[in-house]
Structure formats: C-alpha cells, structure tokens
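Trainee: I am new to this structure and should be grateful for a close look at a single part of it. Could you choose one position, describe its surroundings, and then lead outward from there?

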Amino acid sequence: MTYSRRSFLKASTLGIGAASLVRPEAVFGARRNVFTPLRRNVGIFTERGGTVGWLINNDGVAVIDSQFADTAPMIVTGIRERTRLPIDVLINTHQHPDHTGGNAVMRPSVGKIVAHERAIANLRNAAAQRQGGPGDMSGLPDTPFSTSWSVSIGDETIRLRHYGPAHTGGDAAIFFERANIVHLGDLLNNRGWPNLDAPAGGSVHGWVSVLETIMQEYPTDALYIFGHNEAGYPPTGTRTDLAFQRDYFLAVIEVAATAIREGRSREQAISLTTLAGFEHFGGQAPRLPLVVGVAYDELQARRR
Ligand SMILES: [Zn+2]
C-alpha cells in the first residue's frame with residue numbers, strides 16, 4: 001500500500017495540531033461500568049482494562065474484547081439489559097489479558113470467539129506456562145484468521161484486518177462498515193505512553209506503517225475506538241489521533257537512530273524519561289525507554 005509524501009505531510013501537520021484541541025477538563029478516563037452508544041447500533045463499554053466495543057441490532061450482537069474475568073459479567077449483564085438476542089461473536093483485538101481475561105467467563109454466552117492466529121498462539125503459550133501443563137484453554141478463541149475475516153449481523157458488516165506487527169504480532173483492526181467505526185484495540189493509546197510487546201511479535205517500525213495504512217484505508221470521517229485513553233482524553237477519536245501517535249513513534253525512531261549514529265550504547269540510548277512534544281503523555285513512563293530500546297534493536301538488526 002502506498003502512502004504519498006503529500007498526505008504524509010498533511011497527516012503530520014494534523015498530528016501536531018491535535019494537542020491544542022484537547023480539553024483537559026473532561027475526565028473520560030474515570031468512567032466505570034458504563035455503556036455509551038456511539039452511532040448506528042455500535043457503542044463502547046468502559047470499566048477496567050481495554051475499551052470494549054459492541055454492536056446490538058435487531059438481528060444479533062457482537063462484542064469486541066472481554067476485559068477481565070471480574071468485569072466480563074458486567075458486559076454480559078449490560079448486553080442482556082439491551083437485547084434478548086444471543087451474542088453471535090466475541091472478537092479479540094489481541095492477546096493481552098486486559099482484553100481477553102474475560103473470554104472464559106463469556107464463553108458460554110457467545111457463539112464463537114475470533115482472533116488473529118498469532119494472538120491465539122501467544123494465548124495458548126501463556127496458558128500453558130501459567131498452568132505448568134495443558135492448563136485451562138476454555139477462553140481460547142476458536143476461530144483464527146490470518147489477514148482478514150468478516151461477518152454480517154443484520155444490516156451491519158464487521159470486517160477484521162491484520163496489518164502486520166505493531167503493538168503485538170497479532171493485532172486486529174475491527175471495522176463496523178455501515179456505522180463507519182473502527183475499533184483499534186491497543187494499536188492506539190490516546191495520549192498514554194503506548195506499550196509494545198516485542199516478545200509477542202510487536203514492532204516500532206511496523207507500528208508506524210500499520211497506522212499509516214489504517215489512515216489511508218478507512219474513510220477520513222471514520223470514528224476510532226481506542227484500547228486505552230489517559231484521564232482527560234476520550235476513548236474515541238479521529239485519524240488526527242492516529243497521526244499524533246504515529247509522530248510519537250517517528251520521534252522515538254529518531255532518538256534511537258541518533259544514538260546509533262553518535263555511537264552510544266543501547267543502555268545510553270534508553271536513559272531518557274520524556275520526549276519533546278510528548279511530555280503530557282500519561283500512564284507508565286517506563287514504556288518510553290522500552291519502545292526506544294525496541295527501535296534501537298530494530299535499527300541495529302537492519303544494519304547487520
Ligand atoms: Zn495490549
């Protein structure tokens with residue numbers, strides 16, 4: 001997929017302008033156990049863990065991510081209050097426990113559980129290690145996909161795409177076609193230091209191209225659902241927010257490239273506590289050196 005220089009520059013400009021549009025007084029991060037409709041039968045559920053997406057229409061139900069074992073019952077109860085129809089499908093955006101920890105709890109209530117094949121493999125390994133044996137596999141997704149997967153529920157079509165390594169090696173973007181809403185899972189953490197799971201196949205360079213592909217591929221007026229958001233920033237947004245996080249990763253890569261060019265070690269390269277232009281990021285600051293370290297490793301690997 002091509003990404004023209006012109007649209008790249010345009011997106012960059014939008015990204016820089018984004019910070020000034022934010023209204024810090026709105027504390028979205030504190031919303032707990034809340035179902036929020038967005039548009040055209042699609043909405044979000046926020047509690048603890050990754051933002052859950054849902055579709056409830058006259059023909060069926062889909063849920064995106066299951067949070068934790070103790071919050072998943074709130075998801076099921078909330079759906080039950082809104083419809084008597086069964087949940088056709090639970091889709092996992094990726095493997096992390098704040099997005100899949102409720103899978104086993106929701107298992108009896110859902111028709112199938114879909115995830116990227118790499119996410120399922122990682123989940124299977126994690127379960128095996130945790131149990132010291134075959135372990136409890138009841139929460140494992142039963143329907144893997146590699147590049148794309150789709151399902152129609154009533155008049156809505158849900159399209160899953162895997163764009164390559166980014167947050168993990170098994171991330172899915174989930175597009176509600178008629179609603180024009182894309183659930184990104186942890187491909188986007190709204191103004192929080194993004195986590196990157198390199199052992200699970202994540203990549204900084206990959207993440208940049210995945211965000212650029214997504215900005216190209218979906219309609220310019222698409223609404224995006226984010227896996228996480230810092231207090232003061234909403235769990236949903238636009239491509240401007242994607243461009244902002246893409247610019248962050250480009251700045252991280254520049255830090256690592258400069259360190260290598262100037263002959264500094266990996267240890268020296270990751271000895272930073274903030275990054276110009278992104279000082280307002282919230283959450284876990286140690287994720288900055290973590291991501292710089294991954295960028296350093298990727299650049300070194302390219303030189304070999
Ligand atoms: Zn994650």
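Mentor: Helices (H or I, at least four residues) and strands (E, at least two) are DSSP runs, numbered from the N terminus. The model is predicted, so local features are given only at pLDDT of at least 70 and side-chain atom pairs at pLDDT 80 or more, while totals for chains, interfaces and linings use all residues. Residues are numbered from 1 along each chain as its sequence is written, and side-chain values use heavy atoms, without hydrogens and water.

The chosen position is Asp171, in the loop between β9 (156-161) and β10. Asp171 is buried and yet forms no salt bridge. Buried means under 20% relative accessible area, exposed over 50%, partly exposed in between (1.4 Å probe, protein chains only); a salt bridge is a side-chain nitrogen of Lys or Arg within 4 Å of a carboxyl oxygen of Asp or Glu. The nearest side chain of opposite charge belongs to Arg118, 9.9 Å away (Lys and Arg are counted as positive, Asp and Glu as negative; His and the chain ends are left out).

The side chain of Asp171 does have polar partners. At 3.0 Å it reaches the backbone nitrogen of His167, and a polar contact of 2.8 Å connects it with the side chain of Thr168. (Such a contact is a pair of N or O atoms within 3.5 Å; within protein, one must be able to donate a hydrogen and the other to accept it, and residues adjacent in sequence count only if both atoms are side-chain atoms.) Beyond the neighbours within four places in sequence, Asp171 is in contact (heavy atoms within 4.5 Å) with Thr93, His94, Arg161, His162, Ala166 and Leu187.

The strand that follows this loop leads to the interior. β10 (173-176) is among the elements that each supply at least two residues to the largest nonpolar core, together with α6 (204-217), α7 (239-261) and α9 (287-303). Such a core is a set of buried Ala, Val, Leu, Ile, Met, Phe, Trp, Tyr and Cys residues joined through side-chain atoms within 4.5 Å. α7 gives the most to this core, with 10 residues. Separate from this core is another, of 21 residues, including Val42, Ile44, Ala172 and Ile174.

The largest core has 43 residues, and those touching the most other members are Leu184, Ile214, Tyr218, Tyr224, Leu242 and Tyr248. With its neighbours within four places set aside, Tyr248 is in contact with Trp193, Pro194, Leu275, Phe278, Phe281, Leu288 and Val291. Leu288 and Val291 are among the buried residues of α9. Because 12 of the 17 residues of α9 are buried, this helix is largely enclosed by the rest of the structure. Its buried residues pack against β12 (189-190), α6, α7 and α8 (266-269).

A charged pair offers a contrast with Asp171, which has no salt bridge. Asp241 forms a salt bridge with Arg191, their closest N and O atoms being 2.6 Å apart. This pair links distant parts of the chain, for Asp241 lies in helix α7 and Arg191 in the loop between β12 and α6, 50 residues apart. Asp241 has a relative accessible area of 14% and therefore counts as buried; Arg191, at 2%, is buried as well. In total, the structure holds 13 salt bridges.
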